[in-house]
Amino acid sequence: MDEQVIIPSRADDMVRSVGRRIIDVGLGQAGSMFLPGRAVWTQAAATELFRVYNERPDEGSDPFMVKLRKQLDGASDEAKLLVAELLTLQALPLRNLTAAMKLRRAESVLAWLRMPAVVPEEVLAAFRQHTWHGGIGAHTMLWKWLADAVEFLLAWWALPQGQRDSALADPWVWQEVVYGKRLMASLREALLYLAFPTHFLPIINVDHKRAIRDAFAPSAAVVPTKDLNRDLFQITVRVQDQIGEQRVDFYRPPFASQWKSPPQGRRAWLVRPRGAEDMLDAWKRDGAVWLGATHLGEVPAGAERPDVRAAVDSGFGHLDYAARLVLATEYHAFLSLMGADDIVATFVDDQLHLGVIEGAPEYFSDGESVWLRRSVQWLAIDALAVDALPSPLPAELDQQGTLVDLTGALEVLTTLIEKVVEPADPQVNDDGRGPGLGQVLPPLAAASDELADRLHLPRLWLQNLLDLWHERSQIVLFGPPGTGKTFIAQAIARHIADRDAVRLVQFHPSYAYEDFFEGFRPVEGVDGGAVGFAKVPGPLREIAAAAKANPAKPYVLVIDEINRANLAKVFGELYFLLEYRQATVRLQYSPAEAFNLPPNVLLIGTMNIADRSIALVDAAIRRRFAFVELHPDEEPVRSVLNAWLKKRGKADDRRTALLHALNEAIGEADHDFKIGPSYLMRPGADHDDGLDRVWDHDLLPLLEEHYAGRLSRAAVRSKFGLSAIRLRTSAGGSNGAQGGNGTDLLGHILAVPDGASSAAGEA
């Protein structure tokens with residue numbers, strides 16, 4: 001035994017104590033920690049468990065615990081109790097299992113016994129601690145963990161008594177025994193740590209162990225050997241000596257920064273089985289995934305992209321530039337970006353198969369070709385039909401290439417494979433299926449009385465608008481000027497989304513795809529050097545990226561004056577995605593990327609139908625957006641001004657009558673030119689001078705523009721001036737109003753034909 005030991009660095013004393021006790025009682029005495037004196041961890045119980053569980057896999061889609069109960073139906077209490085204690089051993093160190101979940105899993109199995117058994121108090125205390133995050137394998141690979149644990153037990157009882165005794169007393173003999181059977185990494189490394197936490201680090205990721213060894217070996221004067229754990233033991237005790245017998249946690253400062261790359265998080269990958277028709281079957285038999293690498297040369301794991309690119313250019317000179325570029329990307333991902341616990345997916349005959357990456361890359365030869373290989377635990381779940389997969393997975397699978405980054409669909413893939421076990425979160429949907437699959441547009445906040453009061457619009461109308469928006473994802477509010485289109489659009493956007501999830505852009509005739517989505521823009525060189533060009537994202541690309549990162553949160557892009565731009569030029573290939581959110585398109589400036597528009601991106605446009613300088617909206621946009629008219633003659637806009645005045649205590653204010661009279665004077669022949677209430681809701685319009693200014697400087701110039709070529713400026717002012725409209729209201733409508741001299745002045749004004757000049761107007 002070593003004189004020096006590793007000082008355990010985690011606050012997991014109960015985990016270590018209970019873990020070692022389960023190993024001592026189970027493997028040393030064939031007993032039971034849950035029922036002392038009962039022979040449970042026996043060769044007979046392990047053999048029975050191998051027969052009813054390992055040899056009878058349930059490949060259905062039920063959760064793990066449901067399948068396990070069916071498999072153990074009819075088994076002895078000893079076999080069931082052995083399962084309960086094995087699952088306890090698996091759960092002990094996990095941070096990504098709650099104490100309640102750990103307890104529920106153990107108690108569920110104990111409830112299947114005929115004899116009474118309970119979880120001991122010390123185990124309950126250990127459940128409240130944790131050592132490491134178990135990754136996806138803590139849930140999705142539980143079936144495999146248990147199967148490997150049963151095989152380890154059988155191998156254990158096949159060892160001579162002396163070797164078993166030595167293994168429980170000597171950490172390096174223990175490691176030899178544990179490594180003597182091919183076990184999944186999470187089981188293997190957990191057995192090492194729980195048995196001898198003074199000699200093995202609390203790390204289950206072998207890639208991390210290797211990175212720590214490589215980073216600290218020089219400063220600790222340790223020459224790396226083939227025994228990674230012995231190297232780490234030597235390194236750790238020497239670092240402890242250097243810092244004064246203190247705990248060394250390589251995941252915490254000051255140690256973490258010396259070996260960890262910037263965090264990238266878990267990823268997902270699509271690897272297509274090119275070549276032989278039975279390639280996937282071979283992958284599953286081997287528990288791996290391969291890439292052909294005959295011409296690559298032995299580029300080391302973790303190589304930088306330029307080094308991989310150079311190797312590809314050297315070995316694949318017979319291919320053209322584009323093909324070599326793709327190969328360099330794929331080999332770099334396989335060698336340096338993939339990591340343990342990443343999800344790997346592949347599909348054959350439109351059926352998706354899933355697994356979890358376990359090991360580092362390695363080369364092997366079959367005598368004819370050289371291959372790059374990574375160990376994979378393929379999941380024993382039913383293959384999934386690609387057409388039935390939830391968003392955004394079908395879109396991600398449309399990407400071309402042998403190896404493709406699927407991290408954009410990581411959440412969906414994680415949920416899919418977690419169906420093989422019970423959810424880590426005890427909360428489930430009403431139908432009991434657990435978290436829903438796929439990216440879908442989250443429910444929008446319901447219209448509130450506060451929103452209705454602020455907009456002076458009926459709550460039911462607003463709710464119908466929100467329901468339409470949720471159903472269609474893209475809507476346009478259109479109508480004459482002054483109907484509050486932009487105000488309403490921004491208000492409901494901020495009602496359903498956080499302020500930082502709302503962005504407004506305004507289209508104009510020179511607005512283009514490069515402004516809206518992405519394009520190359522000039523950038524100044526360093527220290528004022530030569531100007532170059534860089535690809536810059538536009539507002540839609542930026543908001544799509546944010547939405548993809550937060551799929552449960554709605555994001556809104558408000559497009560003001562949507563019809564003032566050349567829409568076909570602005571949207572380009574994105575037209576397609578507005579209608580087909582599940583699909584992807586190849587981008588003009590990023591042709592290697594398959595882009596999809598997340599379902600939680602909502603668009604709301606505004607359109608002034610009285611602006612004659614705009615191009616007509618084409619049928620493609622009309623098909624992809626739902627159009628909602630806001631018109632002064634129609635509810636709810638018709639009542640907005642009156643509601644606003646009542647709220648301000650001005651129910652007898654004549655502005656409502658003036659607006660109605662003005663729009664009546666404009667007439668149905670000019671339906672799109674009628675005026676909305678917003679102009680008369682300005683604070684300055686409360687008094688006569690302010691109202692005159694609104695009329696003279698806002699409304700009349702607008703009407704002059706509308707009637708250009710049909711009425712002279714003087715005719716417009718005579719027909720629609722404030723004094724004429726006041727006469728109309730005082731006369732009680734369009735039946736006429738008598739002037740002071742008895743002349744039917746209003747009738748005369750309204751009788752002026754289009755394009756003519758009135759005598760009164762020219763005077």
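In this predicted model, five strands line up as an open, parallel sheet in the order β10-β13-β16-β9-β17. The two edge positions go to β10 (502–506) and β17, and each of these has a single partner strand, so one side of each is left without a neighbour in the sheet. On average, and with direction ignored, neighbouring strands are turned by 20 degrees against each other. At the β10 edge, 5 bridges tie β10 to the parallel strand β13 (residues 555–560), and Gln-506 sits opposite Asp-560 in β13.

Two helices accompany these strands. Helix α23 (residues 539–549) packs on the sheet with contacts to β10, β13 and β16, and its direction makes about 165 degrees with that of β13. Helix α20 (residues 459–472), in turn, lies across β9 (474–479), β13, β16 (601–608) and β17, running at about 135 degrees to β9.

A closer look at the other edge is offered by Val-628, a residue of strand β17 (residues 626–629). Val-628 counts as buried because its relative accessible area is 13%, under the 20% cut-off. Beyond its neighbours within four places in sequence, Val-628 is in contact with Trp-461, Leu-465, Leu-468, Val-476, Leu-477 and Phe-478. Of these partners, Val-476 is 152 residues away in sequence, yet the C-alpha to C-alpha separation from Val-628 is 6.1 Å.

Elsewhere in the chain numbering, helix α12 (residues 206–216) and helix α13 (residues 228–243) have axes that come within 10 Å and cross at roughly 50 degrees, which makes α12 oblique to α13. The crossing is left-handed. By class, the contact of α12 with α13 comprises 6 nonpolar, 1 polar and 4 charged residues, with Phe-216 of α12 and Leu-228 of α13 among them.

How values were computed
Residues are numbered from 1 along each chain as its sequence is written. This is a predicted model: local features need pLDDT of at least 70, side-chain atom pairs count only at pLDDT 80 or more; totals for chains, interfaces and linings use all residues. Side-chain values use heavy atoms; hydrogens and water are left out. Helices (H or I, at least four residues) and strands (E, at least two) are DSSP runs, numbered from the N terminus. Buried means under 20% relative accessible area, exposed over 50%, partly exposed in between (1.4 Å probe, protein chains only). Contact means heavy atoms within 4.5 Å. Axes are lines fitted to C-alpha atoms, for helices over the stretch in contact, and angles run from 0 to 180 degrees between N-to-C directions. Angles under 35 degrees count as roughly parallel, over 145 as roughly antiparallel, 65 to 115 as roughly perpendicular and the rest as oblique. A crossing is left-handed if the near helix is turned anticlockwise from the far one by less than a right angle, and right-handed if clockwise. Ala, Val, Leu, Ile, Met, Phe, Trp, Tyr, Cys and Pro count as nonpolar, Asp, Glu, Lys and Arg as charged, and the others, Gly among them, as polar. Two strands pair if DSSP finds at least two bridges between them.
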